Amino acid sequence: MNFYFAPMEGLTGYVYRNAHKAYFNHIDKYFSPFIIANQSARLKTKELNDIIPENNKDIVLVPQLLTNNANDFIHMTKKIQTFAYDEVNLNLGCPSGTVVSKGRGAGFLSKPKELDTFLEEIFTHLSIKISIKTRIGKDSPHEFYELIEIYNKYPLEELIIHPRIQLDFYKNKPNLAIFKDALTLSKNPVCYYGDLFAAKEYEAFCSDFPDINTVMIGRGLIYNPGLAMGIKTNTKLDKNLLKDFHHRLYEDYQNILFGDKNVLFKMKEVWYYMIESFTNHSKYAKKIKKAQRLTDYDEVITSLFAEQEISEDR
């Protein structure tokens, strides 16, 4: 099985990727948080720092683009190619209201004719590998049957399917009936993405879909950074390894960010998910959330690792 790490805006940038790669070396591809494609002469500093090769050594990274404008996609892809990337990913899955209102992300799915024209344009003018991360529709899962006919017209590197509609956001269950049809209908390689949070859920999915050889995981890997490693090696998350990962990530953020507030903001985002890996974690979660200084944060994290263990299902 190949494991992909889904991008999460504000969380899985190059600092997180490097720390994760150092301690949990079982991810086959990382995907960058989306870059909004445009006609600018250069990437924004934040976007540039996130994808430049020197910040992603020994990491297989796929830059992800967000747009509904073919010329913008082509322009930005050519800029990305100057960094020797051989694949870009088109985001057709983001359900955010601000993204969808502009007809981007999952919002683009409601305009199949425009999407078809867009794909024809970019495949005509680009030679780079192009993969797509898609939902199965904006308002109805039945939209997928028209979408798959469009995707089948083009030689996608991969079709990464999150079997929810935009209106689901991340609620409700993935529509595995539609995903099953997708495996039959797609002429392109298919990757599954959705609600794999623990080894038991992965095993259940593999039992239902034994022919799938690639899965993408997002929130599951933030909850448990060792999830893919645990699945591949049949081991549980090791607390000491998680502590080393945390300390590396914490130190790296302190090296690039100014002030307690900015570092704490990043670490609190991580702990919003990762705290659930621990037993009896509620009081520690509250203390992390309330921490205003790094000294306060250090105290609660030291107590957490000393006093609690990793939950059995991790």
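These are my notebook entries on one helix, one strand and several salt bridges of this structure, which is a predicted model.

**Entry 1, helix α5.** I began with helix α5, residues 112-125, and found that its 14 residues reach 20 Å from the first C-alpha to the last, close to the 20 Å expected at 1.5 Å a residue. I then looked up which of its residues are buried, and the list reads Pro112, Leu115, Asp116, Phe118, Leu119, Ile122 and Phe123. These buried residues cover an arc of only 160° around the axis, which puts them on the same side of α5. I noted beside this that an α-helix has 3.6 residues a turn, so residues three or four places apart point the same way. On the face turned away from the buried side I found the exposed residues Lys113, Thr117 and Thr124. When I asked what covers the buried residues of α5, the elements I found included α3 (70-81), β6 (87-92), β7 (129-137) and α6 (144-151).

**Entry 2, strand β8.** Next I turned to β8, residues 158-165, where 8 of the 8 residues are buried. I checked the two faces separately: Glu158, Ile160, His162 and Arg164 are buried on one side, and Leu159, Ile161, Pro163 and Ile165 are buried on the other. For its neighbours, I found that β7 and β8 run parallel and are joined by 6 bridges, with His162 of β8 as the bridge partner of Arg135. β8 also pairs with β9 (residues 190-193) in the parallel sense, over 3 bridges, and here Leu159 has Val190 as its bridge partner. I recorded a right-handed β-α-β unit made by β7, α6 and β8, and a right-handed β-α-β unit made by β8, helix α7 (residues 176-185) and β9.

**Entry 3, salt bridges.** The structure holds 12 salt bridges, and I looked at some of them. Arg164 forms one with Asp195, the closest N and O atoms being 2.7 Å apart. Arg164 lies in strand β8 and Asp195 in the loop between β9 and α8 (199-208), so the pair ties together parts that are 31 residues apart in sequence. Arg164 is buried, with a relative accessible area of 1%, whereas Asp195 is partly exposed at 21%. I also noted that Arg164, Asp195 and Arg219 are linked in a network of salt bridges.

Lys232 and Asp28 meet in a salt bridge as well, at 3.5 Å from N to O. Since Lys232 lies in helix α10 (residues 227-233) and Asp28 in the loop between α1 (14-23) and β2 (29-31), the pair ties together parts that are 204 residues apart in sequence.

Notes
Residues numbered from 1 in each chain as written. Predicted model: local features only at pLDDT ≥ 70, side-chain atom pairs only at ≥ 80, totals over all residues. Heavy atoms only, no water. Helix = DSSP H or I, 4+ residues; strand = E, 2+ residues; numbered from the N terminus. Expected span 1.5 Å × (residues − 1). Buried < 20%, exposed > 50% of the residue type's maximum accessible area, 1.4 Å probe, protein only. Arc of directions from axis to C-beta. Contact = heavy atoms within 4.5 Å. Pairing = 2+ DSSP bridges. Right-handed = clockwise from strand over helix to strand, strands pointing away. Salt bridge = Lys/Arg side-chain N within 4 Å of Asp/Glu carboxyl O.
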